[in-house]
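Take a walk through this model, one region at a time. Keep the sequence and the coordinates side by side.

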Amino acid sequence: MDGSDDLSRAVAALTAPELVTIVDLVAWRDAQWLHVANAAGSARIATTAADGPWELRSGRHPLGSQDPMHGVPLARALADPSPPNERNAYPFAARRLLSAFGDATRSPDLIVIHTPGHYWPERGGHLGEHGSLDAAQSRAPLVLSGAGVHARGPRDAVARVVDIAPTLAALAGVTMPGVEGTPLTDLVTSGARHVVGLLWDGANCNDLLDLARSGALPNVARLLANGTALSGGAIAEFPSVTLTNHTSALTGVGPGRHGILHNVYFDRAIGRQVIVNDVRTWHTACDQLRDGVETLFEAVARQRPHAVTACVNEPVDRGAHYSTFGLVRAAGIVGGAGDMGDHLPPLEGDPHTTAEWASKDPDYAWSSRVDALGLTQVLQLWAPDVTPPDVMWWNTTVTDTGHHGGGPYSSESRAALRDADARLGAFLGLLADRDLLANTAFLLTADHGSEAADPGCRGDWGDALRDAGVRFRDEGYGFVYLGALTDTAM
Ligand SMILES: [Zn+2]
């Protein structure tokens, strides 16, 4: 029995009709083809032509629609939430899947994409989900505002998360040659004195724009009044998980180039599991970047050696002059942020935290304290008596927590967006006081979207693989490595 036996038996088991409620599709590649299949059909595309034609092999195409504007705006998403495969869409599917298969030792042999409704709390799943290939879980917001942004008003358009770093670079007057993303130079130009990138982890694009229009997010509305938003936002790389896409947002390349394949993956070169997106490992995440990858901070330093960069609450910080996780590393705290609970500000008296959700959800409470510390750092970096950074990146955590806890469009996710908006307001107020608003460019985005799971849709495809005699390990989940693979001792 060799690896190809494991692959064919795994594909047969996972595309069985009994798993149709939890398995949306599977994908794998060989030297010539990227293959996709599910219970209803199969298709393939040449690995050398990610934008070329798909070849239908049987039944119905598992990626029949790749419309990047699927489920936009909010009313359309609410009319058909968490749609089944035949009514769903998978933007830029070939490019994103090929990138996920593009690392020599960390890419899986087989990818399982679960249905939007699949609820899997025993593997870390939540009521609000992301990670999949579909439009809703992949769609981050994209708002551009202020100095250097010449577009005004909403635009029915879509960008990609890999476009974020080159766009921030363009605003800062530098370039990032060789990246996979494209600077959005039809919307922005260089010349801002200060450039600020804001990442609200897990923020749902439709809801963010709708709440801003309705007055519930006055500070996002303030940005929109002086800029533009793409209604289709920015499509994440695959998988649409946190650290893969923070890295893509700040390097302009997909996981096949930057090497952060998933929040957790197996690396055949070292024979063990690598966990990058964890409170105890965030401060060392950049150790996993592949050679030849450049961060936004490094690109600015290379071309504007006198410019000062800052990176707040963000693991992908290599090259930044000021960094939250740089302080963690400098302090020599072995357990990283996991050992820093006592250093976070208390919840009591925080005017930007919704007390109801902080008391109901311990994750919301912890994320609020992390974000309060982030705001403290931002206000120090821009304090009246200091020279503010030329380029700053500021990551917000509670938005992801709120979307996981309640799902998108829930009272918890909306409380988290309001809290993030209030912290943004404190920052904008300081800039206004210092007369810096007119000289500052803002880009507000996220790392992925959020889609509601169905608590009644349960199951584990691992049982089907084991019943079929497949030797495998499943990381992430959905990254399936075939063969007898056990962790070597560290
Ligand atoms: Zn995230």
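A residue is called buried here if its relative accessible area is under 20%. The model is a predicted one. With that cut-off in hand, begin at helix 8. This helix spans residues 242-251. Of its 10 residues, 10 are buried, so helix 8 is largely enclosed by the rest of the structure. The buried residues include Thr242, Asn245, His246, Ser248 and Thr251. Leu243, Ala249 and Leu250 are also among them.

What lies over this helix? The cover of its buried residues includes helix 5 (164-171), helix 9 (255-258) and helix 10 (296-303). Strand 10 and strand 17 are also part of that cover. Just past the end of helix 8 comes glycine 252, with a positive phi of about 75°.

Now turn to the metal. Which residues coordinate the zinc ion? Asp201 gives an OD atom, Thr242 its OG1, Asp447 an OD atom and His448 its NE2. The distances run from 1.9 to 2.1 Å. The angles among the 4 donor atoms are 95 to 131°, and the site is tetrahedral. Ideal angles for four tetrahedral donors are 109.5 degrees.

Along the chain, the donors follow the spacing D-x40-T-x204-D-H. Threonine 242 and aspartate 447 link distant parts of the chain, 205 residues apart. Threonine 242 belongs to helix 8, while aspartate 447 sits in the loop between strand 18 (440-445) and strand 19 (451-452). Are these two donors buried or exposed? Threonine 242 counts as buried because its relative accessibility is 9%. Aspartate 447 counts as buried too, at 0%.

Next, look for empty space. Rolling a probe the size of a water molecule over the atoms shows where it is left. The structure holds 1 cavity of 30 Å³ or more. The volume of the largest cavity is about 30 Å³. Its lining consists of Leu198, Trp200, Trp394, Thr396, Ala420, Arg423 and Leu424. Two or more of these residues come from each of strand 10 (194-200), strand 17 (391-396) and helix 15 (411-433). Helix 15 gives the largest share, 3 residues. By type, the lining of this cavity has 5 nonpolar residues, 1 polar and 1 charged.

The largest pocket holds about 1100 Å³ of space. How many residues line it? The lining has 49 residues, and those nearest the centre of the pocket are His126, Asn263, Asn277, Asp400 and His404. Helix 8 appears again, as one of the elements that supply at least two lining residues. The others are strand 5 (110-114), helix 13 (362-381), helix 14 (398-406) and strand 20 (472-475). The pocket lining divides into 21 polar, 19 nonpolar and 9 charged residues.

Two buried residues show contacts across the sequence. Isoleucine 22 lies in the loop between helix 1 (3-14) and strand 1 (23-29). Isoleucine 22 is buried, because its relative accessible area is 3%. Its C-alpha is 5.1 Å from that of threonine 115, although the two residues are 93 residues apart in sequence. Beyond its neighbours within four places, isoleucine 22 is in contact with Ile113, His114, Thr115 and His118, among others. Its contacts also include Cys457, Arg458, Gly459, Asp460 and Trp461.

Serine 99 is in helix 3 (residues 93-100). Serine 99 is buried as well, at 9% relative accessibility. Leaving out residues up to four places away, serine 99 touches Glu237, Gly254, Pro255 and Gly256.

Finish with the backbone. Most residues other than glycine have a negative phi, and most peptide bonds are trans. Where does this chain depart from that? Valine 72 and proline 73 are joined by a cis peptide bond, with omega about 0°. Proline 73 is in the loop between strand 4 (55-59) and helix 2 (74-79). The bond from glycine 476 to tyrosine 477 is also cis, with omega near 20°. Tyrosine 477 lies in the loop between strand 20 and strand 21 (479-482).

Tyrosine 409 has a positive phi, near 70°. The loop between helix 14 and helix 15 holds tyrosine 409, which is partly exposed at 24% relative accessible area. Aspartate 435 has a positive phi of about 60°. Its place is the loop between helix 15 and strand 18. Aspartate 435 is exposed, because its relative accessible area is 65%.

How values were computed: Residues numbered from 1 in each chain as written. Predicted model: local features only at pLDDT ≥ 70, side-chain atom pairs only at ≥ 80, totals over all residues. Heavy atoms only, no water. Donors = N, O, S within 2.8 Å, 3.2 Å for Na, K, Ca; no water. Tetrahedral: all angles 85-135°; square planar, octahedral: opposite > 155°, others 65-115°. Helix = DSSP H or I, 4+ residues; strand = E, 2+ residues; numbered from the N terminus. Buried < 20%, exposed > 50% of the residue type's maximum accessible area, 1.4 Å probe, protein only. 1 Å grid on protein atoms, 1.4 Å probe; cavity = no way out; pocket = protein on both sides within 12 Å on 5 of 7 lines; lining within 4 Å. Points joined across faces, edges and corners; volume = space filled by probe spheres on them. Nonpolar A, V, L, I, M, F, W, Y, C, P; charged D, E, K, R; others polar. Contact = heavy atoms within 4.5 Å.
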